[in-house]
Amino acid sequence: MPAPGENLRINGDRLWDSLMDMAKIGPGVAGGNNRQTLTDADGEGRALFKQWCDDAGCTMGVDTMGNMFARREGTDPDALPVYVGSHLDTQPTGGKYDGVLGVLGGLEVIRSLNDMGIKTKHPIVVTNWTNEEGTRFAPAMLASGVFAGVHTQDWAEDRTDAQGKRFGDELDRIGWRGDEPVGARKMHAFFELHIEQGPILEAEGKDIGVVTHGQGLAWIQVTITGKDAHTGSTPMPMRKNAGLGMARILEKVDEIAWSHKPHAVGAAGHIDVYPNSRNVIPGKVVFTVDFRSPDLAVIQDMEKRLHEEGQKIAADMGLTIEFEKVGGFDPVAFDDDCVSAIRGAAERLGYSHMNIISGAGHDACWINQVAPTAMVMCPCVDGLSHNEAEEISKEWATAGADVLLHAVVETAEIVS
């Protein structure tokens with residue numbers, strides 16, 4: 001299929017204005033956003049997105065998980081659509097671009113094609129996936145996971161938030177449950193534009209990240225049990241310090257991740273210490289180790305070594321230890337043709353680029369199981385994300401959306 005000409009570009013000012021307008025909905029307390037899934041703010045953001053899609057001449061479909069699909073018709077009614085999109089929901093202290101850039105970048109693709117009077121053989125559909133963040137209803141990428149058959153819809157609808165509210169009930173409450181069966185849509189391809197959420201592109205001075213793989217992950221919850229005791233009156237040889245056991249295991253976690261450099265990572269972000277009192281030696285700790293790598297064999301090796309090293313440390317210290325795998329998914333290799341379309345677009349447009357592995361999970365990671373999929377990334381300042389100080393430049397956003405436009409149009413096939 002012929003590649004679009006290099007003069008084909010999106011309207012960067014309009015894209016930026018749309019990002020700023022959406023950011024007014026569900027504002028945070030420090031310049032970012034708190035537009036968590038299935039809140040009133042999420043409903044308001046969805047309504048604005050639908051209005052923009054209506055204005056662009058799209059027809060809107062919504063499935064029973066609340067996923068939104070704005071369709072621009074193609075010239076061939078039998079051709080499968082090219083899908084593009086991401087998510088509008090945010091973290092409680094989220095930024096203005098995580099996810100939103102991919103949805104509004106997709107909308108800008110349609111607006112720009114309308115401006116230029118360009119028709120495509122395949123329809124183009126802009127998607128807003130429900131509950132990508134997973135911050136209110138775990139796990140992340142929930143609705144795209146149902147779409148891809150990873151989760152059952154009944155299970156997903158029964159997820160509850162910290163107040164015990166059900167996902168399904170909250171979806172009904174905000175009025176965004178559609179009537180389409182989830183996963184019934186078939187895709188010619190799916191493209192997702194996203195900020196990097198890491199520091200590599202900015203550090204390397206690259207405009208575009210061509211995402212070839214997504215890291216897999218394993219979450220292992222570790223429970224160490226010792227004995228609560230007074231910190232002042234318990235002799236050192238008689239202590240069973242669960243906190244010290246955790247510290248030694250976390251040193252091993254770091255060592256294990258380093259042994260698989262440069263792409264493997266590992267740390268513990270969730271830690272509970274009991275009884276968490278200044279003058280009591282911890283009798284119990286519960287923490288979750290997060291291992292990630294684009295290589296499944298590496299993840300498996302890191303898990304195995306954590307079990308072996310953890311058991312040895314606990315035994316040497318007279319502690320008991322338990323392991324429970326509480327989450328995970330295998331690494332993702334994105335579609336070669338879709339990746340090539342993104343790389344070719346960056347080259348054709350004169351943007352500096354490099355191959356990159358996504359360190360975070362994205363809806364594209366699940367959709368990759370049911371359709372040819374790829375991602376394009378743009379830098380973010382200092383690699384900061386999931387933070388209200390998250391920032392990108394208009395130029396970065398424009399470059400990413402330009403590449404998205406070319407990859408989507410090449411795949412959807414321009415009709416002369």
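The largest pocket lies between domain 1 (12-214 + 331-415) and domain 2 (216-329), because both domains give residues to its lining. The model is predicted. In it, this pocket has a volume of about 1500 Å³, and the structure also holds 25 salt bridges. One cavity of 30 Å³ or more is found in a search of the whole structure.

**Largest pocket**

- The lining of the largest pocket is made up of 49 residues. Those nearest the centre of the pocket are L217, R292, G359, A360 and G361.
- Five elements give two or more residues each to this lining: β8 (216-225), β10 (265-274), β12 (284-293), β13 (320-329) and β15 (353-358).
- By residue class, the lining of the largest pocket has 21 nonpolar, 22 polar and six charged residues.

**Largest cavity**

- The largest cavity holds about 40 Å³ of space.
- Its lining consists of T90, Q91, G94, G95, D98, E133, H386 and E390.
- Five of the residues lining the largest cavity are polar and three are charged, with no nonpolar residue in the lining.

**Salt bridge D161–R136**

- Side chains of opposite charge can pair when their charged atoms come close.
- D161 and R136 form a salt bridge through their side chains, at 2.9 Å from N to O. D161 sits in the loop between α5 (153-157) and α6 (167-174), and R136 in the loop between β5 (124-128) and α4 (142-147), so the pair ties together parts that are 25 residues apart in sequence.
- D161 has 9% relative accessibility and therefore counts as buried. R136 also counts as buried, because its relative accessibility is 12%. The cut-off for buried is under 20% relative accessible area.

**Salt bridges D158–R166 and E309–K252**

- A salt bridge joins the side chains of D158 and R166, with an N to O distance of 2.9 Å.
- D158 is partly exposed, at a relative accessible area of 41%. R166 counts as partly exposed too, at 26% relative accessibility.
- K252 and E309 are partners in a salt bridge whose closest N and O atoms are 3.9 Å apart. This pair links distant parts of the chain, 57 residues apart: E309 belongs to helix α9 (residues 296-317) and K252 to helix α8 (residues 242-258).
- Both ends of the E309–K252 pair are partly exposed, with E309 at 26% relative accessibility and K252 at 24%.
- Elsewhere, D40, R136, D161, E170 and R173 are joined into one network by salt bridges that share partners.

**Annotated region 215-309**

- An unreviewed UniProt entry carries the annotation "domain: Peptidase M20 dimerisation" over residues 215-309.
- In the model, the chain over residues 215-309 is 33% helix and 36% strand. The end C-alpha atoms of this stretch are 24 Å apart.

**Cis peptide bonds**

- K261 and P262 are joined by a cis peptide bond with omega of about 10 degrees. P262 lies in the loop between α8 and β10.
- Y274 and P275 are likewise joined by a cis peptide bond, with omega of about 0 degrees. P275 falls in the loop between β10 and β11 (280-281).

**Positive phi outside glycine**

- N131 is not a glycine, yet its phi is positive, at about 55 degrees. The residue is placed in the loop between β5 and α4.
- With a relative accessibility of 1%, N131 counts as buried.
- Q197 is another residue other than glycine with a positive phi, near 65 degrees. Q197 is in the loop between β6 (189-195) and α7 (200-204).

Conventions:
Residues are numbered from 1 along each chain as its sequence is written. This is a predicted model: local features need pLDDT of at least 70, side-chain atom pairs count only at pLDDT 80 or more; totals for chains, interfaces and linings use all residues. Side-chain values use heavy atoms; hydrogens and water are left out. On a 1 Å grid over the protein atoms alone, a cavity is a set of points where a 1.4 Å probe fits but cannot get out, and a pocket is an open set with protein on both sides within 12 Å along at least five of seven lines; lining residues have an atom within 4 Å of a point. Grid points are joined across faces, edges and corners, and a volume is the space filled by probe spheres set on the points. Helices (H or I, at least four residues) and strands (E, at least two) are DSSP runs, numbered from the N terminus. Ala, Val, Leu, Ile, Met, Phe, Trp, Tyr, Cys and Pro count as nonpolar, Asp, Glu, Lys and Arg as charged, and the others, Gly among them, as polar. Domain bounds come from an automatic or database domain assignment. A salt bridge is a side-chain nitrogen of Lys or Arg within 4 Å of a carboxyl oxygen of Asp or Glu. Buried means under 20% relative accessible area, exposed over 50%, partly exposed in between (1.4 Å probe, protein chains only). UniProt positions are given in the numbering used here, feature names are shortened, and annotations may be inferred rather than shown by experiment.
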